[in-house]
Each structure stands twice: as structure tokens, then as C-alpha cells.
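Work through the following exercises with the sequence and the model open beside you. Try each task before reading its solution.

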Amino acid sequence: MMKAIQRVIIVAISMIMTGVGASMALKAAVGVGAWDALSQSISGVIDMKVGTFSMMMNISCVLIQLFLLKKEFKLKTLTQILVAILLGYVVNFMFYDVFARFTIHSYWANIVLLIVSCVICAGAVSMIMTINLITFPLESCCMVISKKINKNFGAIRQFVDILSIVVALGVSFFFNQSITVREGTVIMMLLFGPLLNVFMKMMMPRLKKVGLID
């Protein structure tokens, strides 16, 4: 029982750190990940906080799973709604209430901030994936779609990223919004995957040693 509580606490902290990392990337304003870029672009058009719109997008991923799976839909999947709400609130709080209090004028300082945010997100996500207690709504939705149409998960996930970038750019140009797909987007695409692998290799033996995973 104690191990289960510890796992829940670690996952919750990791979710919060993921939101903090995402907020730092938004603050850097040199481009964010594809899914976040889409959220930031559309939220700017409809004058909604980016965390709130991100929350709605993630909840929509849960609803898509419900629609596709129907009777196969597991009640455990509904916990992804809690993930969406937590991430949305953390992003809103950090981006609008904490990071809004200061301004970074140096371009290279913003690049460093972006890289730090990527490291934080990779570390937090790798912890969540290693413990495997809960999954992110987007990844879970892509997994369901891949199984339904018998396509590779990686291909589906990559397609979502490409579509997100195209739509984000389209929204930015059409509505004359700040471009959210920039050099930072490329940096995150290059760094996130390798960092994720490094962190997971580091964490797995340590979590096994303390009995938090099998």
C-alpha cells in the first residue's frame, strides 16, 4: 500500500514538473513543441489562457478514446482527465502568475531557458513512463487510433505533430498571431527523444531497486 502511495505521489510531482517545464518553454518564446504550438496559436486567437485550451485539447483526446473504444473503454482512462486539468492549471499558474513577473531580453538566455525546460520535461515524462501508472491523453489517444487502423504508433504520433505544426502555422499567418513554431520547436524535437531515453535508462534500475516498479 505504501509503495502504491509513493508511486502516485511521484507521478503527481512529475506531472507538475511537466507543466512547469512547458511553461518555461512558453516563456522562452522561441518556439515550443508541436502540440503546445497548436494550443498556443489557437488560444491566442480566441483569447483564452493557453493552459485552459491545452486542458480542453487533452480532454478531447480522452473523449476520442471513449468514442473509438466504446464498450472497451476502461474507467481507469478517465484519470487522464485529471492529468489534463492538473497540467492546464500548472501551466496557467506558472506562465501567467509566476513567469509573467519578469522579462528576459537576451535571445540566448531564452534559448538556454528552452533547453532547461526540455530537460525538465524529459526527466518528468520519463519518470511517468517508467512508473507506468498513467499515460498522457495525447499518447494514449494515438495508441488507440494506431490499433484501430492497424498503423504504427510512431507514425500516428508523428502525423499528429506534423498536422499540429501545419495548423499552428496556418492559424498564426491567417490571424496575424505570433509564430509559435520556430527554432525552439526544432531544438525540442532533436533533444527530447534522446533525453527521454537517457533518463529512462537512469531511472529504471533505481526505481526497481527501491521496489517502485517490477
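## Exercise 1: Helix 2

The 12 residues of helix 2 reach 17 Å from the first C-alpha to the last, close to the 16 Å expected at 1.5 Å a residue. The model is a predicted one.

Task: Which residues of helix 2 are buried, and which helices do they pack against?

Solution.
- Step 1. A residue is buried when its relative accessible area is under 20%.
- Step 2. In helix 2, this holds for A34, W35, A37, L38, S39, S41 and S43.
- Step 3. These buried residues pack against helix 3, which covers residues 50-69, and against helix 6, helix 7 and helix 8.
- Step 4. Just after helix 2 comes D47, where phi is positive, at about 55°.

## Exercise 2: The whole chain

Task: State how many helices and strands the protein has, and decide whether its radius of gyration agrees or disagrees with that of a compact globule.

Solution.
- Step 1. The secondary structure comes to eight helices and zero strands. Read from the N terminus, the order is therefore α-α-α-α-α-α-α-α.
- Step 2. For 214 residues, a compact globule would have a radius of gyration near 17 Å. The protein has 17 Å, so the two agree.
- Step 3. The C-alpha trace spans about 50 × 35 × 30 Å along its principal axes.
- Step 4. Of the 214 residues, 44% count as buried. The protein exposes about 12000 Å², and carbon and sulfur atoms supply 71% of that area.
- Step 5. Take the contacts with a separation of 6 or more: residues 24 or more positions apart account for 76% of them.

## Exercise 3: The nonpolar cores

Task: Find the largest nonpolar core and say which helix gives the most to this core.

Solution.
- Step 1. In soluble globular proteins, nonpolar side chains tend to be buried together.
- Step 2. The largest nonpolar core here has 24 residues, and L26 and L114 have the most contacts inside it.
- Step 3. Two or more residues each come from helix 1 (2-28), helix 2 (34-45), helix 4 (79-98), helix 5 (107-131) and helix 7 (153-174).
- Step 4. Helix 1 gives the most, with six residues.
- Step 5. Leaving out residues up to four places away in sequence, L114 touches A25, A28, V30, G31, G184, I187 and M188.
- Step 6. There is also a second, separate core of 18 residues, which includes M15, A122, I131 and L196.

## Exercise 4: Helix 8

Task: Compare the span of helix 8 with the expected value, then find where the helix is kinked.

Solution.
- Step 1. Helix 8 takes in residues 183-209, which is 27 residues. At 1.5 Å a residue, it should span 39 Å.
- Step 2. Its end C-alpha atoms are 40 Å apart, so the span agrees with the expected one.
- Step 3. A kink of about 30° lies at F192, shortly before the proline P194.
- Step 4. The buried residues of helix 8 are G184, T185, M188, L196, F199, M200, M203 and L207. Their cover includes helix 1, helix 2, helix 5 and helix 7.
- Step 5. G211, just after helix 8, takes a positive phi of about 80°.

## Exercise 5: Two serines

Task: Are S126 and S146 buried or exposed, and what does each one contact?

Solution.
- Step 1. S126 lies in helix 5. Its relative accessibility is 0%, so S126 counts as buried.
- Step 2. Apart from neighbours within four places in sequence, S126 contacts L196, F199, M200 and M203. These four are among the buried residues of helix 8.
- Step 3. S146 lies in helix 6, residues 137-148. Its relative accessibility is 4%, so S146 counts as buried.
- Step 4. With the same neighbours set aside, S146 contacts K151, N152, F153 and I156.
- Step 5. S146 and I156 are 10 residues apart in sequence, and their C-alpha atoms are 6.4 Å apart in space.

## Exercise 6: Positive phi in loops

Task: Where do K70 and N132 lie, and are they buried or exposed?

Solution.
- Step 1. K70 is in the loop between helix 3 and helix 4, and N132 is in the loop between helix 5 and helix 6.
- Step 2. Neither residue is glycine, yet phi is positive: near 50° for K70 and near 60° for N132.
- Step 3. A residue counts as exposed when its relative accessible area is over 50%. K70 is exposed because its value is 56%, and N132 is exposed because its value is 54%.

How values were computed: Residues numbered from 1 in each chain as written. Predicted model: local features only at pLDDT ≥ 70, side-chain atom pairs only at ≥ 80, totals over all residues. Heavy atoms only, no water. Core = buried A, V, L, I, M, F, W, Y, C linked by side-chain atoms within 4.5 Å. Buried < 20%, exposed > 50% of the residue type's maximum accessible area, 1.4 Å probe, protein only. Contact = heavy atoms within 4.5 Å. Expected span 1.5 Å × (residues − 1). Bend = angle between axes of the 7 residues up to and from the residue. Rg over C-alpha atoms; globule rule 2.2 N^0.38 Å. Areas by Shrake-Rupley, 256 points an atom, 1.4 Å probe, with all protein chains shown as cover.
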